Amino acid sequence: MKRIVILISGRGSNMQALVKSNIAQVEIVAVISNQSDAAGLAWAAEHGLATEALNHRDYEGRDAFDRALMERIDTYQPDLVVLAGFMRILTPVFCTHYVGRLINIHPSLLPAFPGLHTHQRALESGCRVAGCTIHFVTAELDCGPIIAQGVVPVLDGDTAEILAQRVLRIEHQLLPQAVADFVAGNLVIQGNRVNRLEAGITDGLVCLKN
Ligand code: GAR
């Protein structure tokens, strides 16, 4: 059984997709948020999961918060920590502590558009495709070995909100698949590349046609 801690900051729809996917040999041991009023936290509690809130504003700085967060996470002895809409920049100490067992979902086709406002920036750049990336986390923001990417078309008339909805649909497919590949021990990090020991569930790419 692999133990997974999920970190969220808000709605938690990716966390829900992961929970509902019921991956074999996976136990979601806790959902932790830096926002006590995160909607996703209430959903997780209603579904019988252990939940915790650690408000980053209660700590003196990034280092203190990350240390406290690490302490809480480690009580669950996770094999994998999933950042599913966790809107905090993490310190190098945190990233190093969980190296190889910390993954993030980001709503762009990295290395394009790290950071915020990814959909607006994709539209302004005239991109014909957009999407999401699941990657192992390193100390550099939104970098790190890419596990899987989901691609969607950018359509005429798209707004950032419409594009975000389309990308979210593929996020919900891709995250459980990437986690299943991790849990199966199928992912091998070689430099900045992730190779698969066997043909994976996705081979790292999912395309949404409409
Ligand atoms: C998702 O689109 C996720 O990719 C993004 O936040 C959203 C969270 O939605 N993450 C980031 O921007 C991280 N840099 P959710 O709470 O409904 O899963």
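**A tour of the loop, the ligand and two pockets**

Start by selecting Phe113, which sits in the loop between strand 5 and helix 5. This is a predicted model. Phe113 is not a glycine, yet its phi is positive, at about 55 degrees. Most residues other than glycine have a negative phi, and most peptide bonds are trans. Now select Leu110 and Pro111: the peptide bond that joins them is cis, with omega at about 10 degrees. Pro111, too, is in the loop between strand 5 and helix 5.

Next, show the ligand and the residues around it. These are Arg11, Gly12, Ser13, Asn14, Gly85, Met87, Ile105, His106, Pro107, Leu168 and Glu171. Which atoms should be picked for distances? Begin with the side chain of Ser13, where an N or O atom is 2.6 Å from an oxygen atom of the ligand. At Asn14, pick the backbone instead: one of its N or O atoms lies 2.9 Å from a ligand oxygen. Then turn to His106, whose side chain has an N or O atom 3.5 Å from a nitrogen atom of the ligand. Switch on a surface for the ligand: alone it exposes 450 Å², and the protein buries 86% of that.

Hide the ligand and display the largest pocket, with a volume of about 990 Å³. Its lining comprises 39 residues, and those nearest the centre are Gly85, Met87, Ile105, Pro107 and Leu116. Colour the lining by residue class to see 17 nonpolar, 16 polar and six charged residues.

Which elements supply at least two residues each of this lining? Select helix 1 (13-20), strand 5 (102-106), helix 5 (118-124) and helix 6 (160-183). Helix 6 contributes five residues, the most to the lining of the largest pocket. Colouring by domain is also useful here: domain 1 (1-98) and domain 2 (106-133 + 147-210) each provide at least three residues of the lining.

Last, go to the second largest pocket, with a volume of about 230 Å³. To display its lining, select Ile146, Ile147, Ala148, Gln149, Asn192, Arg193, Val194, Asn195, Arg196, Asp203, Gly204 and Leu205. Strand 7 (146-153) and strand 9 (193-196) are the elements that give two or more residues to this lining. By class, the lining of the second largest pocket has five nonpolar, four polar and three charged residues.

Methods
Residues numbered from 1 in each chain as written. Predicted model: local features only at pLDDT ≥ 70, side-chain atom pairs only at ≥ 80, totals over all residues. Heavy atoms only, no water. 1 Å grid on protein atoms, 1.4 Å probe; cavity = no way out; pocket = protein on both sides within 12 Å on 5 of 7 lines; lining within 4 Å. Points joined across faces, edges and corners; volume = space filled by probe spheres on them. Helix = DSSP H or I, 4+ residues; strand = E, 2+ residues; numbered from the N terminus. Nonpolar A, V, L, I, M, F, W, Y, C, P; charged D, E, K, R; others polar. Domains from an automatic or database assignment. Near = heavy atom within 4 Å. Polar contact = N/O pair within 3.5 Å; in protein donor to acceptor, adjacent residues only side chain to side chain. Areas by Shrake-Rupley, 256 points an atom, 1.4 Å probe, with all protein chains shown as cover.
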